[in-house]
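Me: I'd like to learn how to read a fold at the bench, one feature at a time. Can we walk through this one together?

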Amino acid sequence: MLYSRAMKNVVISEEDLYNSLSKESEILSKYSYLGEGAKYWDALSKKWSMLNINTSDENTLIKKNLDNAIASVIQRGVKGINIIDIGCGNGLTAKDILQEILEQNVQVTYTAVDISKEMASLAKNNIDKKIKAISTEVYIMDFEKDDLTKLREGLKPYYINLVMILGNTLGNYKDPSKILNNVMQLASKSDLILIGLANYQPDIKDSLLISYSLKEELKLVCSTAKRIGIRLSDPSVSWNEKNQEVEIKAKTKQTLRIHHNNKDTIIESGSEILLLRSRRFTDELIKKVISNSLLSNRHYKTYKGLSNSLVLIGN
């Protein structure tokens, strides 16, 4: 394919997006959920659910093991649970968890946290429509770098906090331990943290790549480039064995002058851009991620399914 040599000026307001693009040739996937990207994610999530892929095992693990976590909370004599859903998506997984907790006659609040106001709005609408017994608080925050202590203002002080990072959200970041460290601003030693991760399964790489080639996924990962005015070739989906992750990449169709504040960088036409990383976790990598974070002195238990693992971190 021939690419135009005409230079395109692209202005980027987000500093970390500029840095990742200019230094790492990567468009941070967290920005894919802004604007119409939320619509693409909602469609993709429903397609995954229909095809019974990617998150079905996580949902089964939650339903199977959540009762024990709730029982341990009840034994402490706490008055209720604050659910803080980090990277809430469309809220459908949280809906099942909230219903499970309410069935145990435990009071609960729900806080949806997402970088995308459109995504958080989807979560709120889904929760409010399905569960009338609670109200939903929404915070638009970048949980990779924003001060999460602000969330405490909306939490009931005599409830225990259950902080959830589900859907292999950590797998989308180059440094998952950094995300956990930021979350630890919010969680005290008595709080629970629930993490959903995708397992490393070398025997199913081909089917995994097919699931990431769905048109809804490709529209999603290309949405940031479209929003900021970068024209890309058709994306390709591949497996990176060294990093144990699915990667989606595309090439620029024109030379770009990327501008942020007083900084500029040139990206040549035909340059390959990373649009998504989705890491798979071995038991060893789970231990490494936790040991490299501020959670290293906390007790945790891993519930392992075929395609997903659930990590429950207590005190």
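**Reading the contacts and the packing**

Reply: Let's start with one residue: Leu-276 touches Ser-29, Asn-172, Tyr-212, Glu-217, Val-221, Val-246, Glu-247 and Ile-248, not counting residues up to four places away in sequence. Contact here means heavy atoms within 4.5 Å. Before we go on, this is a predicted model: local features need pLDDT of at least 70, side-chain atom pairs count only at pLDDT 80 or more, and totals for chains, interfaces and linings use all residues. Residues are numbered from 1 along each chain as its sequence is written, and side-chain values use heavy atoms, with hydrogens and water left out.

Me: Is Leu-276 buried or exposed?

Reply: First the scale: buried means under 20% relative accessible area, exposed over 50%, and partly exposed in between, with a 1.4 Å probe and protein chains only. Leu-276 has a relative accessible area of 6%, so it is buried. You'll find Leu-276 in strand β11. Its C-alpha atom is separated by 9.3 Å from that of Val-237, although these two are 39 residues apart along the chain.

Me: What do labels like β11 stand for, and how do I read a sheet?

Reply: Helices (H or I, at least four residues) and strands (E, at least two) are DSSP runs, numbered from the N terminus. Strands of a sheet pair through backbone hydrogen bonds, either parallel or antiparallel. Two strands count as paired if DSSP finds at least two bridges between them. In this model, 3 strands form an open sheet in the order β7-β8-β11, and the pairing is antiparallel. β7 (236-240) and β11 (272-279) are the edge strands, each pairing on one side only. From one strand to the next, the twist averages 30°. β8 (residues 245-251) and β11 pair in the antiparallel sense over 7 bridges. Take Ala-250 as an example: its bridge partner in β11 is Ile-273.

Me: Which helix packs on that sheet?

Reply: Helix α8 (residues 215-228) does, touching β7, β8 and β11. For directions, axes are lines fitted to C-alpha atoms, for helices over the stretch in contact, and angles run from 0 to 180 degrees between N-to-C directions. The direction of α8 makes about 120° with that of β11.

Me: How do I read two helices that cross?

Reply: Look at the angle, then the hand. Angles under 35 degrees count as roughly parallel, over 145 as roughly antiparallel, 65 to 115 as roughly perpendicular and the rest as oblique. A crossing is left-handed if the near helix is turned anticlockwise from the far one by less than a right angle, and right-handed if clockwise. Now the case: the axes of helix α2 (residues 37-51) and α8 come within 8 Å and cross at roughly 165°. That makes α2 roughly antiparallel to α8. The crossing of these two, α2 and α8, is left-handed. Residues making the contact include Tyr-40, Trp-41 and Leu-44 of α2, and Leu-220 and Ser-223 of α8.

Me: At what angle do α2 and α5 cross?

Reply: The axes of α2 and helix α5 (residues 117-130) cross at roughly 45° and come within 8 Å. The pair α2 and α5 is therefore oblique, and their crossing is right-handed. Ala-38, Trp-41 and Asp-42 in α2 meet Glu-118, Met-119 and Leu-122 in α5.

Me: And what about α4 and α5, how do they cross?

Reply: Their axes come within 9 Å, at roughly 30°, and α4 passes α5 in a right-handed crossing. Leu-92, Ala-94, Lys-95, Leu-98 and Gln-99 in α4 meet Asn-126, Ile-127 and Lys-130 in α5.

Me: How many residues does α4 have, and what is its reach?

Reply: The expected span of a helix is 1.5 Å times one less than its number of residues. α4 (residues 92-103) has 12 residues and reaches 17 Å from its first C-alpha to its last, close to the 16 Å expected. Among the buried residues of α4 are Ala-94, Ile-97 and Leu-98. After α4 comes Asn-105, whose phi is positive, near 60°.

Me: Where is Met-184 found?

Reply: Met-184 is in the loop between α6 (176-183) and β6 (192-198). Its relative accessible area is 16%, so Met-184 is buried. Leaving aside neighbours within four places in sequence, Met-184 is in contact with Ile-193, Leu-294, Leu-295 and Arg-298.
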